[in-house]
Amino acid sequence: MSTSNAQHSTLNIQQVDSLDVERWIACSRTPSELNASLANTFGVGRFFKRLASIGIASSIAISCFAQNTSASADQSRDLTVLILGDSLGLCGFSKRLDQKFRADPRVKSVFTYCTCGTNPLSWLKEKPFAHIQTHCGYWSIESKSDSHGIKEQRDTYGEPSGHRPTSHTVPKLDDLLATIQPDILVMQTGSNLFGLFSGREKVKPDRDGPMLRKYLAPFVKKAITPPSKLRKIYWIAPPISGRVSGEVQEFVFGQTQKDIGSVTDVIDSRKLISYPYKHMEPDKEHFIGEDMNRWADKVWGEIDRDLSAQSWSDVRPLSESIAKLAPAAAPSATPTAASLVVKAKLVSKTNPIKKEELLPYQEFLVGFVYDVEKVTAGEYGEKQILVMHPAYIGLQPQALEKFRIGKTYELQLRPLDGSIWSTIKSKDDSGGIELEPYIRVQDEGRYPKSGR
């Protein structure tokens, strides 16, 4: 099991006799590297004196040599790794994990892409996300084919100070699989799927389960369909979020495990790092610094342990496992015309969050509840309807005060499910768990499609 350099630096010479030797061996490729690692930590003279006094120097060297010899037999793997991530990846997780893979002798090349505000379908070519762009941050780290170097592009908030990201097209999984031909895919995602619940604290499994499956299964199916050569997918579920109820978070993880766990290794990050986090952003979800590194290191430990548990030659292509995947169609793109037109009276409004609580995202929805007075087109059987209105677009507050409680409006609506707005961060204080969210046709077309 590997450990971080930060963990090594906290150890002292009095602890050497109680160390789990395997932890040190895992971080060194040869006996000389192992000795150098320990010597740098404790000091050369004190290191060898201490080892001699407790009689473990020879056992470390022998064990290290034996493990290194065993590893050498399987180091011809020459693995290629693809890492995809969202805004949590931009906060340092993906960079740290990228470094872990690059330092591993089993890995030949690593390609890492992080795009803010994405969900699994954002990486596919199907509508409504076929041409999706990220406006709140992008980071790529690519191995160079002609050297051991990397090509890195970073466009994130505050780098340099005061910088605001421009727009970037989200890379597509189809293209990455074809050009990179990875053996391993690491997918860090999930926080933005909380947006599907429109700020609700409660879950409605009969409706929410199929809705969530439409964002999970199509991605995995694409990832393992030939000519994909993937043999491992590590699905990194999000750590605890302070902006979403525990019930929603537990449901999203459980549904993820149920829908794609037969094909992917789903890692529950909630068990790897404690909440609240140090250096947490105002949204109570994003964080940086030592806790981010700790999360990445523990995820790497889970991956490393799994890769070390069996010979790579015994790992079968995931394309053989398509039949195990829960069937689900991706959300169909919203129609060009309204599917529902109602006359309805506004009865409650949810107040937007503060802008500083929105970052790094730039768009946000709030729920308005209307009493339905007349259905003029389409079908709708409830007495009230929940409509999600954009409160921020491009970080700019929208003029929601023009919608007045007690006033009747004609609303041309589409279901939010299937809309490009569907996983945008949102808030709804109505508690109307039984109400399916809709969005106005006029607002659907206001989603930013290009750089600002």
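Here are a few short exercises on the aromatic rings of this predicted model.

**Exercise 1.** Work out how Tyr275 and Tyr277 are arranged as an aromatic pair.

*Solution.* Let's start with the total: the count comes to twelve aromatic pairs. One of them joins Tyr275 and Tyr277, with 5.1 Å centre to centre and 90° between the planes. Ring centres have to lie within 6.5 Å to pair, and planes over 60 degrees apart count as edge-to-face. That makes Tyr275 and Tyr277 an edge-to-face pair.

**Exercise 2.** Now sort Tyr275 and Tyr277 into buried, partly exposed or exposed.

*Solution.* The cut-off to keep in mind is that buried means under 20% relative accessible area, and exposed means over 50%. Tyr277 comes in at 5%, so call it buried. Tyr275 has 30% relative accessibility, so it goes down as partly exposed.

**Exercise 3.** Do the same for Tyr370 and Tyr409, then say which strands they link.

*Solution.* First the geometry: 6.4 Å centre to centre and 90° between the planes, again an edge-to-face pair. Next, find the strands: Tyr370 sits in strand 11 (residues 364-377) and Tyr409 in strand 14 (residues 408-415), so their pairing ties together parts 39 residues apart in sequence. Finally, check accessibility: Tyr370 is buried at 0%, and Tyr409 is buried too, at 14%.

**Exercise 4.** Which residues form one aromatic cluster with Tyr275 and Tyr277?

*Solution.* Add Phe93, Phe287 and Trp295 to those two tyrosines, and you have the cluster.

**Exercise 5.** Find what lies over the face of Trp139.

*Solution.* Look for Arg154: it lies over that face, 4.1 Å from the ring centre.

Definitions and conventions:
Residues numbered from 1 in each chain as written. Predicted model: local features only at pLDDT ≥ 70, side-chain atom pairs only at ≥ 80, totals over all residues. Heavy atoms only, no water. Phe/Tyr/Trp six-rings, centres within 6.5 Å; stacked < 30°, edge-to-face > 60°. Buried < 20%, exposed > 50% of the residue type's maximum accessible area, 1.4 Å probe, protein only. Helix = DSSP H or I, 4+ residues; strand = E, 2+ residues; numbered from the N terminus. Lys NZ or Arg CZ within 6 Å of the ring centre and 35° of its normal.
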